Amino acid sequence: MKIGFIKEANDTRVSLTPEVAKKFKKSGHDLFLESGAGDLSNFKNSDYKEYVKVVSYSDLLKNSELLISINPIELNKINSNFSKKIYLSNFNSVNKDNYLLVLEKNNIYSFDLGIIPRTTIAQSMDILSSQANLSGYKAVIKAAELLPRMFPMIITAAGSIKPAKVVVLGAGVAGLQAIATAKRLGAIVEASDPRSAAREEVLSLGARFIEVEGAVEDSSAGGYAVKQTKEYLERQKKEVSKKLELADVVISTAQVLGGKSPILIPKTVVDKMKPGSVIIDLASASGGNCEMTQDGKMIIYNDIKIVGNSYLSAELSQDSSNLFSNNVYNFLEYIINDNKIVDNYEDEIFSQCYITKKIKFS
Ligand code: NAD
């Protein structure tokens, strides 16, 4: 197929890297890349030249049957030039209802990469997992940089240094990577999560699990946590706040599918935290786990640094682009056959991700 990769407007990442371009080419696709798309990930136009035609935006639209971007392009840029094309993006960051109307009105066959089902077969296509993994790592590295202390315990002739205490709220993909990274740096790590599967994973990484009784679980939620009762959240807040008062670093990642993130760090708890401590709130885009988080900003309150950033993976632009690009490659390998999208509405991955349901593939 003729596949075009759009330059991101406001992101350091790119949806195609040279490494993955080679795989696409081997599968027989013709690739087009908007000039400069890889610049901010340190992939130059010349790095792609063996596998890709580097073109202008208008030539990209003219030449491609299938278009890809990490972030959906601005709504006002979508017009009849896109008609009858296939468009893949992560639509989680936009008002989906509005966007969908415009996509359907312009007959653009669209797939939302942000809602890949959480099944074993779809794991290699899951952009949320691949990016969350990197965000979890980067959250710890950022915290380590902002913290006026070391992570590991060391004993020197001048005295000994106690290990940092790290609390991770939400032990999903990002949380588990944060736990593993903080452990590797030598911190003492504790974590909280309402899913019982998470408890085992936390313990297997050598961290302590903050026990709270009465969590609601739903196996039909596809791996996601469900909304917890008021009583559970109160109990959790009480248990977690005891740990937070002693913590040097808090990495919060707690999210509930399609809903606002639970507030696990109210201002009253921040008031009791140690000066110099650091909160990295990865759930900030969906409201944040700390009452004081400001999305996209770092604030300093009572000498405590609170960073609200759900897109830390973008700060590791080479790796995050590579993983995203591989996710796209795996998704397309799955849905393309004989140079055509296999429009199998019975297939779980196809039917969940294909969002422009009012227009059928012809
Ligand atoms: P997520 O980003 O939706 O949420 C992050 C974490 O927050 C989750 O672990 C959730 O349980 C937790 N959380 C929710 N409410 C909380 C609360 N009140 N207190 C503390 N924590 C709370 O989830 P995620 O990280 O994308 O994934 C969760 C799990 O889903 C993973 O650990 C994995 O087992 C599974 N998963 C499976 C696949 C797959 O099989 N393809 C893909 C991705 C994830």
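Select the ligand and the residues around it. In this predicted model, the ligand is surrounded by 23 residues. The closest are Arg 118, Val 173, Asp 193, Arg 195 and Gln 236. Colour the shell by residue class: nine of its residues are nonpolar, ten are polar and four are charged.

Next, show Arg 118 as sticks. One of its polar side-chain atoms sits 2.3 Å from a ligand oxygen atom. Move on to Thr 119 and look at its backbone rather than its side chain. There, a backbone N or O atom is 3.2 Å from a nitrogen atom of the ligand. Then pick Gly 172, where a polar backbone atom lies 3.1 Å from an oxygen atom of the ligand. Now switch on the ligand surface. Of the 840 Å² of accessible area that the ligand has on its own, the protein covers 88%.

Leave the ligand and select two helices, α4 (residues 127-146) and α9 (residues 317-335). Their axes come within 9 Å and cross at roughly 165°. Angles over 145 degrees count as roughly antiparallel, so α4 is roughly antiparallel to α9. The crossing of α4 and α9 is right-handed.

Keep α9 selected, hide α4, and add helix α1 (residues 18-26). How do the axes of α1 and α9 cross, and at roughly what angle? The two axes come within 9 Å and cross at roughly 15°. That angle is under 35 degrees, which means that α1 is roughly parallel to α9. Here, too, the helices make a right-handed crossing, this time between α1 and α9.

To finish, show α1, α4 and α9 together. Beside α9, the view then holds α1, roughly parallel to it, and α4, roughly antiparallel to it.

Note on methods. Residues are numbered from 1 along each chain as its sequence is written. This is a predicted model: local features need pLDDT of at least 70, side-chain atom pairs count only at pLDDT 80 or more; totals for chains, interfaces and linings use all residues. Side-chain values use heavy atoms; hydrogens and water are left out. A residue is near a molecule or strand if one of its heavy atoms lies within 4 Å of it. A polar contact is a pair of N or O atoms within 3.5 Å; within protein, one must be able to donate a hydrogen and the other to accept it, and residues adjacent in sequence count only if both atoms are side-chain atoms. Accessible areas come from the Shrake-Rupley method with a 1.4 Å probe; for residues, only the protein chains shown count as cover. Ala, Val, Leu, Ile, Met, Phe, Trp, Tyr, Cys and Pro count as nonpolar, Asp, Glu, Lys and Arg as charged, and the others, Gly among them, as polar. Axes are lines fitted to C-alpha atoms, for helices over the stretch in contact, and angles run from 0 to 180 degrees between N-to-C directions. Helices (H or I, at least four residues) and strands (E, at least two) are DSSP runs, numbered from the N terminus. Angles under 35 degrees count as roughly parallel, over 145 as roughly antiparallel, 65 to 115 as roughly perpendicular and the rest as oblique. A crossing is left-handed if the near helix is turned anticlockwise from the far one by less than a right angle, and right-handed if clockwise.
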